[in-house]
Amino acid sequence: MDNLKLWQRYQDWLYYNEDLGFYLDISRITFDDALIAELKPKFDKAFKDIEALEGGAIANPDENRMVGHYWLRDPDLAPTDELKQDIIDTNNSVLDFTQKVHSGAVKPPSGGKFTDILSIGIGGSALGPQFVAQALAPNEPPLRIHFIDNTDPAGIDKVIAGIDDLSTTLVSVISKSGGTPETRNGMLEVKKVYTDRNLDFAAHAFAITGKSSKLEAIAEREGWLAIFPMRDWVGGRTSELSPVGLVAAALQGIDIRAMLEGAKTMDALTRKHSLQDNPAALLAMAWYAAGHGRGEKDMVILPYKDSLLLFSRYLQQLIMESLGKEKDLDGNVVSQGIAVYGNKGSTDQHAYVQQLREGVNNFFLTFIEVLEDRTADFVEIEPGITSGDYLKGFLLGTRTALNDKQRDSITITIPKVNERVVGALIALYERTVSIYASLVNINAYHQPGVEAGKKAAASVLDIQKQVVATLKETSSPLSLEELANKAGIGDEIETVYKIVRHLDANKRGIAVQGHIGEPSTIKASWKS
């Protein structure tokens, strides 16, 4: 297609909203009028599905739950007055707690003011807050934020070592159930550090958790500073605009009211029952066209702005956990999903763009363009040219180079990276996931695969307990096969080997004879 035809296609399919200064360009995605006609009844159904969700329909059948993250930024949409008031009261409590921390009314036992936040969470309880902190936190925030988002002991040690003063550090523990192993482990590790340094952990801690959860009980019993709710109708991957994300953002000096308002504005735009007037519908159609409704191509997210570096990681969970489903709503095996990865431009001009242009054509790319280069005065690095001009050139040049090789791309353009725009981006992708899920007839709001992984991990720990108990009860060294059989898990010899190897590497009381790299030679016993 020549440039004039591309220009006309660009104009025909460009979406622009003046209020947000938001542009969506899907003209470089391959689709035609026949596909639009084919999808029309699917979109009609999707729009009705969204209305049902917002009206309080049960969308998570595994847990008999509604899905109501939309209500967080527009409480008037909540299906009951009680829910509406709960959302308003919670947001007010977040702002009140923030004001007290910033003013020093809520202060550390040592006096003065809190200077840092240590946020302990996993998945949606970490990815959203990390993305928002990277995108929006001021250079000198009222409180600096640090994250423990895994159960890696060395990682935990490194994060704690990077905090100047734990005595002026708030600790946020985020877990809906209170039983999430990674979060619980992080909390117990941090508690020990506070105890070892003669610091009162409870006087530094607040919880974000579900009603009547294990974590709520701990926080109440120990007298933590505050407890904020995680509602059962908000999933982790859509929780950034709940207390999960709002508390940390507000403490860092980020305007959470503007984030909520931006999301509310985008939600209103994406309720329109017209493909070309609804940016989320257009984006879902582009995803469908690129992957033929079967996720045949990966989604590459490439923001040309350092502050949006973590956007692809945030979207990874939102999209892959929502759309990666074995079965559709009719019980058919469909193995749906879209793989998501990305980094930032123009870094990736020197990384994987070479393959994207000339390698296997198994992706579609989303460019994110930010019009504002910087808030300070521009600097000319050549006559009439700035660093920002180069960045724009790299984006447009890469877009053209990919199009020349029939590589599909989407371009989202935003005026600047601020709270209102970030809130709008979060809402846009949340809504697009819902619409796309309806188009391909899957449920975006349950995650049986995640639960299966958790159960499998728990079974490994049970095997470890059996292995250790068996070794402690046995006086003579046992081969791996003897150990597995004696522990009553004869079909789990490989798992037994890996447990023995891990215990040995960490000097955890096990004695190993033979060569650890040659399983057939190993005999294990417990050191008395």
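**View 1. The loop that holds His350, in a predicted model.** This close-up comes from a predicted model, and His350 sits in the loop that joins strand S13 (340-342) to helix H12 (353-358). His350 counts as exposed because its relative accessibility is 71%. Ser346 belongs to the loop between S13 and H12 as well. Look at the peptide bond leading from Gly345 to Ser346: this bond is cis, with omega near 10°.

**View 2. Positions that a record marks as an active site.** According to UniProt, in an unreviewed entry, the feature "active site" falls at Glu321, His350 and Lys454. From this set, Lys454 is part of the lining of the second largest pocket. If you have just come from the first view, you have already met His350, in the loop between strand S13 and helix H12.

**View 3. His292 and its positive phi.** His292 is not a glycine, yet its phi is positive, at about 55°. You will find His292 in the loop between helix H10 (279-291) and strand S10 (298-303). With a relative accessible area of 45%, His292 is partly exposed.

**View 4. Ser335, with a positive phi in a strand.** Here the residue to look for is Ser335, in strand S12 (residues 333-336). Ser335 has a positive phi of about 45°, although it is not a glycine. Is Ser335 buried or exposed? Ser335 is exposed, since its relative accessible area is 52%, and the cut-off for that word is over 50%.

**View 5. Lys100 and Asp96, paired along helix H3.** Side chains of opposite charge can pair when their charged atoms come close. In this view, Lys100 and Asp96 form a salt bridge through their side chains, at 3.2 Å from N to O. Both residues are in helix H3, four residues apart, which is about one turn of the helix. Lys100 is partly exposed, as its relative accessibility is 34%, and Asp96 is partly exposed too, at 36%. By the rule used here, the model has a count of 23 salt bridges, and the next two views show others.

**View 6. A salt bridge between Glu296 and Arg294.** Glu296 and Arg294 are joined by a salt bridge whose closest N and O atoms are 2.7 Å apart. How exposed is each partner? Glu296 counts as partly exposed because its relative accessibility is 41%. Arg294 counts as exposed, with a relative accessibility of 53%.

**View 7. Glu494 and Lys498 in helix H17, and a network elsewhere.** A salt bridge links Glu494 with Lys498, and their closest N and O atoms lie 3.1 Å apart. Because the two are four residues apart in helix H17 (residues 493-505), about one helical turn separates Glu494 from Lys498. Glu494 is exposed at 54% relative accessibility, while Lys498 is partly exposed at 40%. Other charged residues to look for are Glu54, Arg73, Asp267, Arg271, Glu430 and Arg431, which are joined into one network by salt bridges that share partners.

**View 8. A nonpolar patch on the surface.** Four residues make up this patch: Val379, Ile381, Tyr390 and Phe394. Together they have about 340 Å² of accessible area. One of them, Tyr390, is part of helix H13 (residues 387-404). Tyr390 counts as partly exposed because its relative accessibility is 36%.

**View 9. Asn91, buried in helix H3.** Helix H3 (residues 81-103) returns here, this time with Asn91 as the residue to find. Why does Asn91 count as buried? Its relative accessibility is 17%, and the word applies under 20%. Leaving aside residues up to four places away in sequence, Asn91 touches Leu72, Leu246 and Leu260.

**View 10. Ser434 and the residues around it.** Ser434 is in helix H14 (residues 419-439). Its relative accessible area is 6%, so Ser434 is buried. Apart from residues up to four places away in sequence, Ser434 is in contact with Ile50, Leu53, Tyr70 and Tyr445. Phe47 is also worth finding in this view: Ser434 and Phe47 are 387 residues apart along the chain, and their C-alpha atoms are separated by 9.6 Å.

Technical notes:
Residues are numbered from 1 along each chain as its sequence is written. This is a predicted model: local features need pLDDT of at least 70, side-chain atom pairs count only at pLDDT 80 or more; totals for chains, interfaces and linings use all residues. Side-chain values use heavy atoms; hydrogens and water are left out. Buried means under 20% relative accessible area, exposed over 50%, partly exposed in between (1.4 Å probe, protein chains only). Contact means heavy atoms within 4.5 Å. Patches are made of residues with over 30% relative accessible area and no salt bridge: like charges are joined within 9 Å, nonpolar side chains (Val, Leu, Ile, Met, Phe, Trp, Tyr) within 5 Å. Accessible areas come from the Shrake-Rupley method with a 1.4 Å probe; for residues, only the protein chains shown count as cover. UniProt positions are given in the numbering used here, feature names are shortened, and annotations may be inferred rather than shown by experiment. On a 1 Å grid over the protein atoms alone, a cavity is a set of points where a 1.4 Å probe fits but cannot get out, and a pocket is an open set with protein on both sides within 12 Å along at least five of seven lines; lining residues have an atom within 4 Å of a point.
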